[in-house]
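Subject: Structure for you to look over

Dear colleague,

I am passing on the structure we spoke about, with my notes following below it. Please read them with the model open beside you, and tell me where your reading departs from mine.

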Amino acid sequence: MKKMFLFILVTLFLGASHSSNAAATNASVPVLLYHVVSTNPDPNNQYQYSLTEFKKQMDYLKTNGYTTLSIDQYYSIINKTVSMPSKPVLLTFDDCTSDFYTNVYPILKQYGMKATQFAVSNWIDTGGHMTTSQLKIVYANGIDVQNHTTNHSSLTSLTHDQKYVAINDATTKIRSITNKSPIYCAYPNASYDTDTVSILKNLGYKIGFKVGGGLSKDTSDKYALPRSMILNGDILTVFIRKISTGQ
Ligand SMILES: [Zn+2]
């Protein structure tokens, strides 16, 4: 009888510890998406965000113990090959606009935060966008530079060959800046299809980001990972909701 009691206790203990280990390895990470961050955002443009509000958000992350991830760390976490810090967040910025260098980068640097810039390769060194040398500087200081295609066309509007060129030529250009092949892609206008995904896989890409869809989890489709867009007018309470729920 005593043996039986012990057996039940041990079984219960092992069962409990097994399930808590499994829960601890489940990954859930908010991914935020920003475009322009400006001292004077156009109130009618949802893609322009206030620099003052952006500072408040970064201050909130710092004060509340969030860890901003590099995109490689993010990939390892959602693949469950490394454990997740208690409050992870991935900050992403699309379109390599010049305000990233003048407004965003100094704040990230001040806070020691990591982020990822999804660059449109044909826009680099053109008016209103970052230069090659600016991208090299940010890359050397904790900002990853990854693929947002050559020209921002919606991938579903392109033929197979055009899609291939849009992704592959951007790969070549970004590699010339970072000396490392990009392996993460953000779909322009959140537009993608199965052909897009097969091209990405053939070119060695590990991730494709869409827009919306909540928090990214280890169970998420790696080629349809969600991002929460921070929109013009989002106040701090909305930001807190988005990093908590992804919505
Ligand atoms: Zn874009």
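A residue is called buried here when its relative accessible area is under 20%, and exposed when that value is over 50%. Ala27, with a relative accessible area of 4%, is therefore buried. Please keep in mind throughout that this is a predicted model.

To begin with the chain as a whole, it holds eight helices and twelve strands, and 47% of its 247 residues count as buried. Of the contacts between residues at least 6 apart in sequence, 67% join residues that are at least 24 apart.

Ala27 itself sits in the loop between helix H1 (2–24) and strand E1 (28–29). Which residues is Ala27 in contact with, leaving aside its neighbours within four places in sequence? They are Ile77, Ile78 and Met84, together with Ser216, Lys217 and Asp218. In keeping with that second group, the C-alpha atoms of Ala27 and Thr219 are 8.4 Å apart in space, while 192 residues separate the two in sequence.

The zinc site comes next. The zinc ion has as its protein donors Asp95 through OD, and His148 and His152 each through NE2, at 2.0 to 2.2 Å; along the sequence these donor residues follow the spacing D-x52-H-x3-H. Water is not among the atoms, so the site may look incomplete, and I would not read a full coordination number from it. Both histidines, His148 and His152, are buried, and Asp95 counts as buried as well, because its relative accessibility is 12%.

The backbone around Asp95 deserves a careful look. Asp95 lies in the loop between strand E6 (88–94) and helix H4 (99–111), and its phi is near 85°, a positive value in a residue other than glycine. Cys96, in the loop between E6 and H4, also has a positive phi, of about 45°, although it is not a glycine. With a relative accessibility of 0%, Cys96 counts as buried, and Cys185, also at 0%, counts as buried too. The number of disulfides found in the model is zero.

On the interior, the largest nonpolar core has 34 residues, and those with the most contacts inside it are Tyr34, Phe54, Met58, Leu91, Phe93 and Leu108. Helix H4 gives the most to this core, with six residues. Separate from it is a second core of 15 residues, which includes Val31, Ile71, Phe118 and Ala186. To return to Leu108, its contacts beyond four places in sequence are Phe54, Met58, Leu91, Phe93, Phe100, Met113, Ala115 and Ile143. As general background, nonpolar side chains in soluble globular proteins tend to be buried together.

Two helices show a clear division between sides. Helix H6 (residues 160–178) has 19 residues and spans 27 Å from its first C-alpha to its last, close to the 27 Å expected at 1.5 Å a residue. Its buried residues are Lys163, Ala166, Ile167, Ala170, Thr171, Ile174, Ile177 and Thr178. Because these cover an arc of only 125° around the axis, they are on the same side of H6. What do the buried residues of H6 pack against? Their partners are strand E7 (115–119), helix H5 (132–139), strand E8 (143–147) and helix H7 (194–202). Just after H6, Asn179 takes a positive phi of about 60°.

Helix H7 can be described in a similar way. Thr196, Val197, Ile199 and Leu200 are its buried residues, and because they cover an arc of only 160° around the axis, they too are on the same side of their helix, H7. The face of H7 turned away from that buried side carries the exposed residues Thr194 and Asn202. The buried residues of H7 pack against H6, strand E9 (184–186) and strand E10 (207–209), and just after H7, Gly204 takes a positive phi of about 90°.

With best wishes

How values were computed. Residues are numbered from 1 along each chain as its sequence is written. This is a predicted model: local features need pLDDT of at least 70, side-chain atom pairs count only at pLDDT 80 or more; totals for chains, interfaces and linings use all residues. Side-chain values use heavy atoms; hydrogens and water are left out. Donors are N, O and S atoms within 2.8 Å of the metal (3.2 Å for Na, K and Ca); water is not among the atoms, so sites may look incomplete. Buried means under 20% relative accessible area, exposed over 50%, partly exposed in between (1.4 Å probe, protein chains only). Helices (H or I, at least four residues) and strands (E, at least two) are DSSP runs, numbered from the N terminus. The expected span of a helix is 1.5 Å times one less than its number of residues. The arc is that of the directions from the helix axis to the C-beta atoms. Contact means heavy atoms within 4.5 Å. A nonpolar core is a set of buried Ala, Val, Leu, Ile, Met, Phe, Trp, Tyr and Cys residues joined through side-chain atoms within 4.5 Å. A disulfide is a pair of cysteine sulfur atoms within 2.5 Å.
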